Amino acid sequence: MIYIGLIIFNNVPITFLLFYGWLLFVPLIIYMIGGRQRINLKKHLSVQSLWVGLTSGIIFFLAIFGGITILKDSVLNVTELKLILAEWNFTGNLVIWLMIFLIAINPLLEEYYWREFMYNRLLEKVSARQTMVITSFFYSLYHLLSLIFIFNFPFNVIAVFPVFIAGIIWAYLRFKLKSITASIISHSLADLGIMMV
């Protein structure tokens, strides 16, 4: 979906519709067909999950915003990035809505898809450790498609490794806390760091 949106259509809004449509509707269809139960919100909302999510999220925010700010000249070509974002229709008032979407909706959908839907499906077949690695690998793999254009080589390829590590951390939080709340909050603050850059 990201390839179709960014490479074929060169358009961020179309990419969002395709990608997030997939993240939202595939689990819904599978659950409707399989008759699985809904998420127990009380299980996911705990003080510990909120605290861990905020703490890890602040660390992610500072690492992303601080790291890219310090390394900006060596990892980013700002002029080229602005041209790419304009080519992808990531301009004007649309930017504000896309930023809000990335900070508020993206973490919900990605964490639900990877750390709840895929996590539970894989956990039925492999160990928790393998589940964390597999979901994190595929989570980081599709980020490569957007990172290739945003960062200079070799940083565009290297940037996938922190995404993988973030995926592992969020999967571990899911495993340890038996909740996706911490990973959603942490992911949201990480995305805020990216948007601030």
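This briefing walks through the fold, the recorded regions and a few individual residues of one protein chain. The model you are looking at is predicted. Its secondary structure comes to 10 helices and 0 strands, so a good way in is to follow the helices and then stop at single residues, given that buried means under 20% relative accessible area and exposed means over 50%.

**The chain as a whole**

- Reading along the sequence, you meet the pattern α-α-α-α-α-α-α-α-α-α.
- The radius of gyration of the chain is 17 Å, which agrees with the value near 16 Å that a compact globule of 197 residues would have.
- Along its principal axes, the C-alpha trace spans about 50 × 35 × 30 Å.
- Buried residues account for 41% of the 197 residues.
- If you take the contacts between residues at least 6 apart in sequence, 77% of them join residues at least 24 apart.
- The accessible surface of the chain is about 11,400 Å², and carbon and sulfur atoms hold 74% of that surface.

**Regions listed in UniProt**

- An unreviewed UniProt entry lists residues 94-192 as "domain: CAAX prenyl protease 2/Lysostaphin resistance protein A-like".
- In the model, residues 94-192 are 88% helix and 0% strand, and their end C-alpha atoms are 17 Å apart.
- The unreviewed entry also gives "transmembrane region" for residues 12-33, 45-70, 90-109 and 157-175.
- One of these spans, residues 45-70, is 92% helix and 0% strand, with 36 Å between its end C-alpha atoms.
- Another, residues 157-175, is 95% helix and 0% strand, and its end C-alpha atoms lie 28 Å apart.

**A nonpolar patch on the surface**

- Met-1, Tyr-3, Ile-4, Ile-8, Phe-9 and Trp-22 together make a nonpolar surface patch of about 610 Å².
- Helix 1, residues 2-8, gives the most to this patch, with 3 residues.
- Ile-8 has its place in helix 1, and it counts as exposed because its relative accessible area is 54%, while the cut-off is over 50%.

**Two residues in helices**

- His-187 is found in helix 10, which covers residues 181-196.
- With a relative accessible area of 1%, His-187 is under the 20% cut-off and therefore buried.
- Leaving aside residues up to four places away in sequence, His-187 touches Asn-106, Pro-107, Glu-110, Glu-111, Tyr-139 and Trp-170.
- Gly-66 lies in helix 4, which covers residues 47-75.
- Gly-66 counts as partly exposed because its relative accessibility of 23% falls between the two cut-offs of 20% and 50%.
- Gly-66 and Ile-185 are 119 residues apart in sequence, and 19 Å separates them in space, C-alpha to C-alpha.

**Two loop residues with a positive phi**

- As background, most residues other than glycine have a negative phi.
- Asn-10 is not a glycine, yet it has a positive phi of about 50°.
- You can find Asn-10 in the loop between helix 1 and helix 2 (12-34), where it is partly exposed at 28% relative accessible area.
- Lys-178 is not a glycine either, and its phi is positive too, at about 55°.
- Look for Lys-178 in the loop between helix 9 (160-177) and helix 10.
- At 52% relative accessibility, Lys-178 counts as exposed.

Definitions and conventions:
Residues are numbered from 1 along each chain as its sequence is written. This is a predicted model: local features need pLDDT of at least 70, side-chain atom pairs count only at pLDDT 80 or more; totals for chains, interfaces and linings use all residues. Side-chain values use heavy atoms; hydrogens and water are left out. Helices (H or I, at least four residues) and strands (E, at least two) are DSSP runs, numbered from the N terminus. Buried means under 20% relative accessible area, exposed over 50%, partly exposed in between (1.4 Å probe, protein chains only). Contact means heavy atoms within 4.5 Å. Patches are made of residues with over 30% relative accessible area and no salt bridge: like charges are joined within 9 Å, nonpolar side chains (Val, Leu, Ile, Met, Phe, Trp, Tyr) within 5 Å. Accessible areas come from the Shrake-Rupley method with a 1.4 Å probe; for residues, only the protein chains shown count as cover. A salt bridge is a side-chain nitrogen of Lys or Arg within 4 Å of a carboxyl oxygen of Asp or Glu. UniProt positions are given in the numbering used here, feature names are shortened, and annotations may be inferred rather than shown by experiment. The radius of gyration is taken over C-alpha atoms; the globule rule is 2.2 Å times the number of residues to the power 0.38.
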